[in-house]
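Please walk through the structure shown below. The paragraphs after it take up the sheets, a helix and the nonpolar cores.

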Amino acid sequence: MRASGPDGRDATATRGTRVHVVSDVHGNTEALARAGDGADALICLGDLVLFLDYADHSRGIFPDLFGKDNADRIVELRTARRFEEARDFGRALWAGRDRNAAILGAVRKQYAEMFAVLPTPTYATYGNVDVPQLWPEFAGPGTTVLDGERVEIGGRVFGFVGGGLKTPMNTPYEISDEEYAAKVEALGPVDVLCSHIPPEVPELTYDTVARRFERGSRALLDAIHRTRPRYAIFGHVHQPLVRRMRIGVTECVNVGHFASTGRPWALEW
């Protein structure tokens, strides 16, 4: 993925390693195809699927199936935290339909498009709206999927923890706090801690547009205090109160803006 200069030599030979990081792609395949340009590796922290775009209710699996008006209504109910009403509304829409078949068919279509444009090498983990059991169908040999696992990139150790914690939204890949903590613990000390959700810090978990706190992980926060990685990188919160802050020696960075900006975050050393 490195660029060559006009004389054919590696234009980046004078520098070290450059990694681009994205999260919350949510169907932005066009930008994803360019996300690795100029980097030695791409890291993707999940949420490839676009089920419903809260900024544009006409985009995503839900409005494709039920129309924009119904999407407007379910966003209104969820934003007001009227989750029981939202579930009842959704159940009524799905009545008489094969929900699993419809959703999995739409997800497969999105995954086929997005995995096809991932550069080599890509290191990826799941987001809370992803469907992990489908990834082996689409992840090619250039894509390494990690969840509770480590990998070395350019001499630094990166640890990956995928998925989210249980919420009333009941998205596809939510797990218990205990299961999530076990994955964090399995990593041990790393240089860069990569996760889909943020550590449990109010400034990092509050979404200023949705006007609510998303779930962050206490286990991630404890690991940051205990193992002191250089960086903790995550997404999930699209419009956080704070995009970047230090916890001790660790630089915490939210990269969950990719769907709207199309710009990866670059880490270079």
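Helices and strands here are DSSP runs, numbered from the N terminus, with at least four residues in a helix and at least two in a strand. In those terms, H9 is followed by arginine 228, whose phi is positive, near 55 degrees. The model is a predicted one.

At its other end, H9 has an N-terminal cap: a side-chain oxygen of serine 217 lies 3.2 Å from the backbone nitrogen of alanine 219. Helix H9 covers residues 218-227, and its buried residues are Ala219, Leu220, Leu221, Ala223 and Ile224. What do the buried residues of H9 pack against? Their partners are helix H7 (177-187) and four strands, namely S9 (192-195), S12 (231-234), S13 (244-247) and S14 (250-254).

These four strands belong to an open sheet of 6 strands with mixed pairing, in the order S5-S6-S9-S12-S14-S13. Strand S5 (149-153) and S13 are its edge strands, each pairing on one side only. From one strand to the next, the twist averages 20 degrees. S5 and strand S6 (residues 156-161) run antiparallel and are joined by 5 bridges. Within this pair, valine 151 has phenylalanine 158 of S6 as its bridge partner. Helix H7 also packs on the sheet, where it touches S5, S6 and S9. The direction of H7 makes about 170 degrees with that of S6.

A further open sheet has 5 strands, again with mixed pairing, in the order S4-S3-S2-S1-S15. Strand S4 (143-145) and strand S15 (265-268) are at the edges; each has a single partner strand, so one side of each is left without a neighbour in the sheet. The twist in this sheet averages 20 degrees from one strand to the next. Inside it, strand S2 (residues 41-44) pairs with strand S3 (residues 122-124) in the parallel sense, over 3 bridges. Isoleucine 43 has tyrosine 123 in S3 as its bridge partner.

In soluble globular proteins, nonpolar side chains tend to be buried together. Here the largest nonpolar core has 55 residues, and those touching the most other members are Val22, Val25, Leu32, Leu48, Val107, Tyr111 and Tyr180. Leaving aside neighbours within four places in sequence, valine 25 is in contact with Leu32, Cys44, Gly46, Asp47, Leu48, Met114, Phe258 and Ala259. Another core, of 19 residues, lies apart from the largest one; among its members are Ala41, Leu45, Phe160 and Trp265.

Technical notes:
Residues are numbered from 1 along each chain as its sequence is written. This is a predicted model: local features need pLDDT of at least 70, side-chain atom pairs count only at pLDDT 80 or more; totals for chains, interfaces and linings use all residues. Side-chain values use heavy atoms; hydrogens and water are left out. Buried means under 20% relative accessible area, exposed over 50%, partly exposed in between (1.4 Å probe, protein chains only). Contact means heavy atoms within 4.5 Å. A polar contact is a pair of N or O atoms within 3.5 Å; within protein, one must be able to donate a hydrogen and the other to accept it, and residues adjacent in sequence count only if both atoms are side-chain atoms. Two strands pair if DSSP finds at least two bridges between them. Axes are lines fitted to C-alpha atoms, for helices over the stretch in contact, and angles run from 0 to 180 degrees between N-to-C directions. A nonpolar core is a set of buried Ala, Val, Leu, Ile, Met, Phe, Trp, Tyr and Cys residues joined through side-chain atoms within 4.5 Å.
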